[in-house]
Amino acid sequence: MTHRSRKSIALLTLSAFVLASCGGGGGSSTGSNGGPVTVTPTPSPTPTPTGGCGLAARQGFAKAVIDEWYLFPGDVATGVNPASFGNVDAYIDALVAPARALGKDRFFTYITSIAEENAFFASGSSAGFGVRLTYDPSANVVVIAEAYEGAPAIAAGIDRGTRIVAIGTTASNMRTIANIVAAEGTQGITNALGPSDPGVTRILRIQDSAGTRDVTVAKADYSLDPISDRYGAKIISEGGRNYGYLNLRSFISSANPQLRTAFLNFRNQGVTDIIIDFRYNGGGLVSTAELMGDLMGEGRSGLLFSQTVFRPSKAVENDEHRFAPTAESIAPTRIAFIGTGSTASASELVINSMLPYLGTNMTLVGSNTFGKPVGQIALDKAECDDRMRVVAFATANSTGAGNYYNGLAPQISNSCAAGDDLNLPLGDAREASVRAAIDFLATGSCTTRIAEASVGAAAQRSSTRVQAEPEMLVPARPSVAQRELPGLF
């Protein structure tokens with residue numbers, strides 16, 4: 001991969017397998033504008049993949065990419081017979097199984113659709129109900145964590161905090177969530193919701209402030225607004241001070257102009273204390289993460305923001321990003337990042353990269369992040385609509401700190417434990433994590449550190465104001481959008 005194509009790197013998200021239990025070697029990669037960026041590996045992958053789109057040819061392509069680019073070449077299984085596998089995914093899983101056993105590659109290397117991924121990274125294009133779903137095992141219900149504007153669910157009156165208690169295709173075959181989970185586990189819920197295809201219709205029995213009722217919702221195509229018009233960017237005024245609040249849903253290209261607009265408003269309002277809500281952000285494009293750094297880089301021009309490091313045989317590809325402030329940039333005094341176990345990848349890159357510059361004037365609020373200090377490049381077998389996403393580089397901040405496989409909370413000495421209160425809107429100053437973030441910005445301290453939160457987890461769950469972190473629902477084989485947005489349906 002040439003340096004010219006570096007902005008095509010995507011730090012993709014955690015896999016469903018984790019969350020559910022909580023012609024030739026060249027090609028193209030998704031660029032920051034959603035278009036193809038040429039990737040020309042040097043030398044060409046060995047062995048040279050076979051032409052065509054038969055299973056053997058597709059497996060050969062995947063193997064060639066892993067052989068040339070995989071960040072952990074010493075942790076690739078040898079002697080794996082491709083003929084023993086009936087699909088490409090299973091073959092890839094077998095090849096990288098040693099790295100997965102060591103916790104280095106938690107299903108980050110996979111094959112996906114070029115068209116589907118291009119559509120998502122350009123505009124958040126997806127199909128479904130347009131909601132993020134969590135499972136509450138204590139009540140045996142599904143709870144909506146977030147609903148997207150312009151999507152079918154919100155048009156049917158389903159929003160954050162709404163509970164789904166039963167699912168069916170007709171009024172006569174409704175099944176309660178409790179019965180589904182008892183028979184099939186949480187994966188049964190994703191099965192009951194059906195495929196993410198336009199026109200797929202389900203009857204959902206929901207509970208909210210208006211009571212219990214059945215609603216019929218049909219899945220449809222929609223585009224994700226990466227920064228919500230309802231609560232995504234705002235000024236929170238309290239105690240005579242202004243705090244900037246920004247909720248970024250995903251690192252996709254269409255977020256870039258919205259980020260510039262949000263930070264320009266912060267700048268114009270003189271805001272330097274900010275809350276960045278990444279609680280459900282599973283990652284995305286490095287170029288958008290770098291833009292976020294630039295927008296928080298006033299006075300830091302030329303200083304090192306982040307580094308990417310490839311395997312030794314690809315050291316020529318190693319790169320760095322230095323702050324390049326823009327007309328919209330601010331110089332943050334304090335930052336409170338909100339995170340959860342669904343906060344991964346590009347979100348973690350931004351948090352980790354700001355730490356050397358803010359130190360104790362920065363905190364992580366909520367719970368520990370997922371822990372993904374590595375990223376993927378993409379190589380395409382275009383005639384088959386196959387995009388191979390392979391873990392190819394590690395990320396680090398200006399001090400060289402990376403390797404946060406156990407999440408970022410251990411790296412942040414004054415992290416602030418808080419719940420995700422689904423009973424209140426995102427961006428609401430009363431919501432548990434936003435409240436803790438404001439308190440930190442106002443005082444510079446936290447009541448309870450994330451590292452200490454496990455001791456009080458039972459008490460936290462019993463609180464009427466604070467809920468325990470929800471379990472996001474993810475299908476066994478997620479779509480591109482579901483990889484980037486854990487819990488999306």
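**Entry 1: Glu 298**

I began with Glu 298 and found that, leaving aside its neighbours within four places in sequence, it is in contact (heavy atoms within 4.5 Å) with Arg 267, Pro 325, Thr 326, Ser 329, Ile 330 and Ala 331. I note at once that this is a predicted model, in which local features need pLDDT of at least 70 and side-chain atom pairs count only at pLDDT 80 or more, while totals for chains, interfaces and linings use all residues. Residues are numbered from 1 along each chain as its sequence is written, and side-chain values use heavy atoms, with hydrogens and water left out.

I placed Glu 298 in the loop between H10 and strand E17 (304–310); helices (H or I, at least four residues) and strands (E, at least two) are DSSP runs numbered from the N terminus. Its relative accessible area is 32%, so I entered Glu 298 as partly exposed, the class between buried (under 20% relative accessible area) and exposed (over 50%), with a 1.4 Å probe and protein chains only. I also looked up its separation from Phe 323, and the two residues are 25 apart in sequence and 8.4 Å apart in space, C-alpha to C-alpha.

**Entry 2: the whole chain**

I then stepped back to the chain, whose secondary structure comes to 15 helices and 24 strands, and of whose 489 residues 58% are buried. For the accessible surface (Shrake-Rupley method, 1.4 Å probe; for residues, only the protein chains shown count as cover) I noted about 17,200 Å², with 52% of it belonging to carbon and sulfur atoms.

**Entry 3: nonpolar cores**

In soluble globular proteins, nonpolar side chains tend to be buried together. I looked up the largest nonpolar core (buried Ala, Val, Leu, Ile, Met, Phe, Trp, Tyr and Cys residues joined through side-chain atoms within 4.5 Å) and found 38 residues, of which Met 292 and Phe 337 have the most contacts inside it. Two or more residues are given to this core by each of helix H9 (255–268), strand E15 (273–277), helix H10 (286–295), strand E19 (334–339), helix H11 (346–358) and strand E20 (362–366), and H11 supplies the largest share, seven residues.

I followed Met 292 further and, leaving aside its neighbours within four places in sequence, listed Leu 246, Leu 248, Phe 251, Leu 259, Phe 263, Ile 276, Phe 278 and Val 350 as its contacts. Another core, of 30 residues, lies apart from this one and includes Val 76, Val 88, Ile 92 and Phe 370.

**Entry 4: H10 and its partner H9**

I checked the cover of H10 and found ten of its ten residues buried, including the polar or charged entries Ser 287, Thr 288, Glu 290 and Asp 294 as well as Met 292. The axes of H9 and H10 (lines fitted to C-alpha atoms, for helices over the stretch in contact, with angles from 0 to 180 degrees between N-to-C directions) come within 10 Å and cross at roughly 10°. The two helices are therefore roughly parallel to each other, since angles under 35 degrees count as such, over 145 as roughly antiparallel, 65 to 115 as roughly perpendicular and the rest as oblique.

I recorded the H9–H10 crossing as right-handed, meaning that the near helix is turned clockwise from the far one by less than a right angle, whereas anticlockwise would be left-handed. Ala 255, Asn 256, Leu 259, Arg 260 and Phe 263 of H9 meet Thr 288, Leu 291, Met 292 and Leu 295 of H10.

**Entry 5: H2 and H3**

I took a second helix pair, H2 (residues 55–69) and H3 (residues 88–95), whose axes come within 10 Å and cross at roughly 30°; H2 and H3 are therefore roughly parallel to each other, and their crossing is right-handed. On the H2 side the contact is made by Leu 55, Arg 58, Gln 59, Ala 62, Lys 63 and Ile 66, and on the H3 side by Val 88, Tyr 91, Ile 92 and Leu 95.

**Entry 6: single residues**

I looked for positive phi values outside glycine and noted Phe 107, with phi near 65°, in the loop between helix H4 (97–101) and strand E4 (110–113). Phe 107 counts as partly exposed at 23% relative accessibility. Ser 345 also has phi near 65° and sits in the loop between E19 and H11, but at 1% relative accessibility Ser 345 counts as buried.

I closed with Arg 387 in strand E22 (residues 386–396), which counts as buried at 1% relative accessibility. Arg 387 and Ile 111 are 276 residues apart in sequence, yet 5.6 Å apart in space, C-alpha to C-alpha.
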